[in-house]
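Subject: Structure handover

Hello,

Please find the structure below, followed by notes on what was found in it.

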Amino acid sequence: VAGQQLQAVAGFFDATLQVTDRFSFSGGFRYTYERKDFNTNFIVSATNPGILVATDEEFTSPTGRGIFQYQFTDTISGYAG
């Protein structure tokens with residue numbers, strides 16, 4: 001018999017700064033928190049209730065991004081991230 005439980009929470013922020021009429025910068029940040037609980041019950045025999053193996057882990061992950069965009073003409077733009 002095995003089981004798993006997961007709890008996850010994340011928050012993020014994203015914004016764009018228009019530097020000039022043709023040049024802008026977009027940036028964002030995300031922070032994620034996860035907690036995972038695992039358990040496994042190995043049944044050895046009918047007279048032995050078994051061995052319970054349980055563990056839990058916590059994970060955090062801050063990530064970010066940045067994008068520079070330039071409008072060359074009214075119909076052509078380019079960006080790098």
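One definition is needed before the rest: a residue is buried under 20% relative accessible area, exposed over 50%, and partly exposed in between. D37 has a relative accessibility of 22%, so this residue counts as partly exposed. Please keep in mind that the model is predicted.

The sheet

The strands form an open sheet of four, in the order 1-2-3-4, with antiparallel pairing. Strand 1 and strand 4 are the edge strands, as each of them pairs on one side only. From one strand to the next, the twist averages 20 degrees. As background, strands of a sheet pair through backbone hydrogen bonds, and the pairing can be parallel or antiparallel.

Strand 1 covers residues 2-18, and 17 bridges join it to strand 2, residues 23-42. One of the residues to look at here is L17, whose bridge partner in strand 2 is F25. At the other edge, strand 3 (residues 51-71) and strand 4 (residues 77-80) run antiparallel and are joined by four bridges. Q69 has Y79 in strand 4 as its bridge partner. The connection from strand 3 to strand 4 is a hairpin of five residues.

Salt bridges

How many salt bridges does the structure hold? There are five. One of them is formed by D14 and R65, with the closest N and O atoms 2.5 Å apart. D14 lies in strand 1 and R65 in strand 3, so this pair ties together parts that are 51 residues apart in sequence. D14 counts as partly exposed because its relative accessibility is 42%. R65 counts as partly exposed too, at 40%.

D37, mentioned at the start, meets R35 in a salt bridge of 3.4 Å, N to O. R35 has a relative accessible area of 24% and is therefore partly exposed. Both residues belong to a network of salt bridges that links R35, D37, D56 and E58.

E34 and K36 also form a salt bridge, and their closest N and O atoms are 4.0 Å apart. E34 is partly exposed at 24% relative accessible area, and K36 is partly exposed at 22% relative accessibility.

Aromatic rings

A pair of aromatic rings is described by the distance of the centres and the angle of the planes. The structure holds three aromatic pairs. In one of them, the rings of F23 and F68 have centres 6.1 Å apart and planes at 15 degrees, so the pair is stacked. F23 lies in strand 2 and F68 in strand 3, which means that the pair ties together parts 45 residues apart in sequence. F23 is partly exposed at 27% relative accessibility, and F68 is partly exposed at 45% relative accessible area.

F68 also pairs with F25. That pair is tilted, with 4.9 Å centre to centre and 50 degrees between the planes. F25 lies in strand 2 and F68 in strand 3, so the pair ties together parts that are 43 residues apart in sequence. F25 is partly exposed, with a relative accessible area of 28%. Through these ring pairs, F23, F25 and F68 are linked into a cluster.

Nonpolar surface

Which residues make the nonpolar surface patch of about 370 Å²? They are F42, V44, I51 and V53. V53 has its place in strand 3, and its relative accessibility of 43% makes it partly exposed.

Regards

Conventions: Residues numbered from 1 in each chain as written. Predicted model: local features only at pLDDT ≥ 70, side-chain atom pairs only at ≥ 80, totals over all residues. Heavy atoms only, no water. Pairing = 2+ DSSP bridges. Helix = DSSP H or I, 4+ residues; strand = E, 2+ residues; numbered from the N terminus. Patch = residues over 30% accessible without salt bridge, like charges linked within 9 Å, V, L, I, M, F, W, Y side chains within 5 Å. Areas by Shrake-Rupley, 256 points an atom, 1.4 Å probe, with all protein chains shown as cover. Salt bridge = Lys/Arg side-chain N within 4 Å of Asp/Glu carboxyl O. Buried < 20%, exposed > 50% of the residue type's maximum accessible area, 1.4 Å probe, protein only. Axes fitted to C-alpha atoms, helices over the stretch in contact; angles between N-to-C directions. Phe/Tyr/Trp six-rings, centres within 6.5 Å; stacked < 30°, edge-to-face > 60°.
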